Amino acid sequence: MERIDEILDSSDNDYEEKGTTIPSRNNLTFTNGFYVDVSAIFVDIRGSSSLSRHHRRPTLAKIYRSFISEVVAIMNGDKNCHEINIVGDCVSGIFETKTKGDIDDLICAACRIYSLIEIINCKLSKRNIQNIRVGTGIDYGRALMIKAGYKGSEINEIVWMGDVVNNASKLCNNANQYNSKQILISSGIYNNLNDYNKGLFNWNSSYGCYETNSYNVLMNDWLEKNCRK
């Protein structure tokens, strides 16, 4: 009961504005939090249930492991990535994007993920395993960073809350569906891109966002040499 009272009675002043700089997680307690302007990306497999109908569990484990490990590697390879979460077959990341160039870099990471899925599917096809479809959603905005868990134990996790996270997840759910491409971004992301990257995207009126199927050139060259002959 005391833990509940401590959380509910904490001061609103304990939730500080941090602008575009993500503070150290070591500065978080179970009664404070930080508001930060960040970019959120969600990447998820479409139609997971159909995979389970076609393949046994060991094969499913191999599919999910290859997808998750390499998406995590791409996100983790970006210097601005601060948090990566895995829930089921969805991988999400929180990125510190202080400049427009940082947001352009995040789009480059999304394009690498697009090409990664093509490479994974190439390798799956060679093993007579069903290909996967993936959706990616990205948004920019204000989020609340808190520590949640059980005080007094080692059970805790950094949680990011706010419209930016919810909208990135929603964009991801809509991506690569009936009339959308694999990468969907919000207007907040699009408006901060350079002219070249803006030219990669088209407006999707059905979902009120921008979309693309843009890829990484070097990874696509590998595909052309190894999978598309």
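Which residues of α3 are buried? In this predicted model, the set comprises Thr-59, Leu-60, Ile-63, Phe-67, Ile-68, Val-71, Ile-74 and Met-75. These residues span an arc of only 155 degrees around the axis, and therefore lie on the same side of α3. An α-helix has 3.6 residues a turn, so residues three or four places apart point the same way. The other side of α3 carries exposed residues: Arg-57, Lys-62, Arg-65 and Asn-76. The helix itself runs from residue 57 to residue 76. Its 20 residues reach 28 Å from the first C-alpha to the last. That span is close to the 28 Å expected at 1.5 Å a residue.

Strand β9 covers residues 209-212. Both of its faces are covered. Cys-209 and Glu-211 lie on one side, Tyr-210 and Thr-212 on the other, and all four are buried. In a regular strand the side chains alternate between the two faces of the sheet.

Two strands pair with β9. Strand β7, residues 183-185, pairs with β9 in the antiparallel sense over three bridges. Within this pairing, Leu-184 has Glu-211 of β9 as its bridge partner. Glu-211 is also one of the buried residues of β9. Strand β8, residues 202-204, likewise pairs with β9 in the antiparallel sense. Three bridges link β8 and β9. Here the bridge partner of Asn-204 is Cys-209, another buried residue of β9. β8 and β9 form a hairpin, with four residues between the strands. In the turn, Gly-208 has a positive phi of about 65 degrees.

Positive phi values also occur at two asparagines outside the helices and strands described above. Asn-128 has a phi of about 55 degrees, although it is not a glycine. Asn-128 sits in the loop between α4 (100-126) and β5 (133-149). Is Asn-128 buried or exposed? Asn-128 is exposed, because its relative accessible area is 72%, and the cut-off for exposed is over 50%.

Asn-176 is the other residue of this kind. Its phi is near 60 degrees, again a positive value in a residue other than glycine. Asn-176 lies in the loop between α5 (163-174) and β7. Asn-176 counts as buried, because its relative accessibility is 17% and the cut-off for buried is under 20%. Thus Asn-128 is exposed, whereas Asn-176 is buried.

How values were computed:
Residues are numbered from 1 along each chain as its sequence is written. This is a predicted model: local features need pLDDT of at least 70, side-chain atom pairs count only at pLDDT 80 or more; totals for chains, interfaces and linings use all residues. Side-chain values use heavy atoms; hydrogens and water are left out. The expected span of a helix is 1.5 Å times one less than its number of residues. Buried means under 20% relative accessible area, exposed over 50%, partly exposed in between (1.4 Å probe, protein chains only). The arc is that of the directions from the helix axis to the C-beta atoms. Two strands pair if DSSP finds at least two bridges between them.
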